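Hello,

Here is the structure I said I would pass on. My notes follow it.

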Number of protein chains: 2
Amino acid sequence: MKYWNSTLNNMTEYIPGEQPANVEEYMKLNSNENPFPPSKLVIEAIKNAADEKLRFYPDPLSGQLREAFAKANNLKVENIFAGNGSDEIFTLIFRGFIEHNGVAAFPYPSYSLYYTMAEAHGIQYERINLVKPFDVDFDNFLMKKYNLVIVANPNNPTGVGCNIEEIRKFLKKFKGLLVVDEAYVDFYGESAIDLTSEFDNVIVTRSFSKSYSLAGLRVGLAVAHKDIIQGLFRLKDSYNINRISEAGAIAAIKDSRSFMYNIGMLVNNKEYLESQLKLLGFDLIPSKANFVFVTHPAMRAKQIYEELKKKKILIRYFEGPIQSDYIRITVGTMMQIKTVIAEISAIVKA
Amino acid sequence: MKYWNSTLNNMTEYIPGEQPANVEEYMKLNSNENPFPPSKLVIEAIKNAADEKLRFYPDPLSGQLREAFAKANNLKVENIFAGNGSDEIFTLIFRGFIEHNGVAAFPYPSYSLYYTMAEAHGIQYERINLVKPFDVDFDNFLMKKYNLVIVANPNNPTGVGCNIEEIRKFLKKFKGLLVVDEAYVDFYGESAIDLTSEFDNVIVTRSFSKSYSLAGLRVGLAVAHKDIIQGLFRLKDSYNINRISEAGAIAAIKDSRSFMYNIGMLVNNKEYLESQLKLLGFDLIPSKANFVFVTHPAMRAKQIYEELKKKKILIRYFEGPIQSDYIRITVGTMMQIKTVIAEISAIVKA
């Protein structure tokens, strides 16, 4: 296309989960959004931040948000960076932490935005297949000299978690930069954050979109060695987090009670969803996230996706080797789970 | 620095205007923020958007915001893109609309973020001096084959506006991509938006930070040929505008009455500020923006800046050739203007 550079002309478009404008009409189990509303204290904090101070730019360092996260996690502010969703953090990493002739590596299947972003920045990358579906074999990331590796833990769309000891072993040998994307870690419990004080080549990213029910607010965080954090600040656009989002995220961190309650319910619902899918004959790998990734021996995944869409239930189906045999279903409320199970049951038994 | 790529290691840091956490203690006339609060309807729209739907991702296409702007400006939605501030739009342009071995050109003095962003993307650029302070001579941008030119209209920090006919003449000859940054256009009135239907190589950007008093919300727009808009969508992070900011920006566009009233007051205040500075012996070029860029024959600009800072009044002083002779003062409320004039008067007459 005219005026597009070669990078843009060569890249594939990222397809997010469908996000209908009339979102209320759908049962949306396709983007791993949290089925429970955000904390009341968050809503209140946002309303309070909607004041005349909006005429001022936000703090370019997001100081109060970083302080709140530091305090809650026993970290130093200098080791924390805040982004307009963790997506912005990945973008900055591609911009400033890998040379243009470097090579990145990501597991496959994984969050396809990594592939798209590497392409958007003209960075060459390789997809390393997961083994005996769906574990990360870190030795495969040492076969060549990769400059940047991003691993989601737990992984999306598979829901499988890595062992932190394996990540530590990998970091002892790896010479490039490792990003551990912990968007779903609150449902898992095993974080790599401690590794950021042991190694200067690991960045752990967090998101407020899933466990905090704040996908609509766009806030993500990175934890890493202070030299990396300083580089992220240098690279970012002048003011990346708006005043409202910062206020909401701070309130979310502080309201740990409602957060824990919400997580507890979700884990419980996930187990129920898994048990019901098992009864319907699905094969499943126990998920550590707020979604399940399942396949049925007698039914094409794409067909299940399409039949459910007709009923205004959105789940996620991905084209591509291996993953096109699976559907990914976000864990919903108990009522949503019962509805989707009833519909899937009708499809499978038809 | 270890793990930084060569681009990051070589870039200069962007220094935004000081943004103190205790913003209420200062008279802040350094970042061209609007001294009047945002419209009440905007505040109300934001409070209304702070609801349980925050658990959902925002519309990745920001459809309703683009529709509102299209309707208000008699444009097509397909010609509009929305960004997390116009800064994000510039970032995307550097990422996807100039080859890595291309050359960009920007006026000097101008918004220094252009230089920083070019560096952050490893793009070579040239600064083209403004002529007979401070006009853009477009012929100077045709002397070499530049691939990307960004011109702020009116320009920041000088406040001088370009003539749209001159931009049209330039576009007839120019083979690269021109970005017209209209962050301050609402105080000027002469927009290049109509040129986007005549030429496929011009992008006009807008901001909600200045005329709409919404610097804290981070919303910017781009208007261009649909092929360029499509490229911007392909390049951007998955969800760049959060739900709250989209709702606030839509309400701002719709409340044209309070917007026009606000602009009227500001233009009036600017003229008063200019007249008072003239009485104090400052040289000034009539400003088309919400700030003035002035120099005093008998007083060092840096000294005025420093003396005012001691009084908790922040104005902007820039290091660098030509511009270090000037101070930039944002137009405030009438009371702020009277205070700053009294303080400057004391400094100049001391």
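How do strand β5 (residues 148-152) of chain A and β6(A) pair, and over how many bridges? The two strands pair in the parallel sense over five bridges; strands pair if DSSP finds at least two bridges between them. Helices (H or I, at least four residues) and strands (E, at least two) are DSSP runs, numbered from the N terminus.

This is a predicted model, in which local features need pLDDT of at least 70 and side-chain atom pairs count only at pLDDT 80 or more, while totals for chains, interfaces and linings use all residues. Residues are numbered from 1 along each chain as its sequence is written, and chains are lettered from A and ligands numbered from 1 in the order in which they are written.

Within the β5(A) pairing, A:Val149 has A:Leu178 of β6(A) as its bridge partner. Between the two strands the chain passes through helix α6 (residues 164-173) of chain A, and this β-α-β crossover is right-handed (with the strands pointing away from the viewer, the path from the first strand over the helix to the second runs clockwise).

β6(A) is also joined by four bridges to strand β7 (residues 202-207) of chain A, and these two run parallel. Here A:Val179 stands opposite A:Ile203.

Five of the five residues of β6(A) (residues 177-181) are buried, so the strand is largely enclosed by the rest of the structure. Buried means that 20 or more other C-beta atoms, placed from the backbone, lie within 10 Å of the residue's own. A:Leu177, A:Val179 and A:Asp181 cover one side, and A:Leu178 and A:Val180 the other.

Regards

Conventions:
Buried ≥ 20, exposed ≤ 12 C-beta atoms within 10 Å, placed from the backbone.
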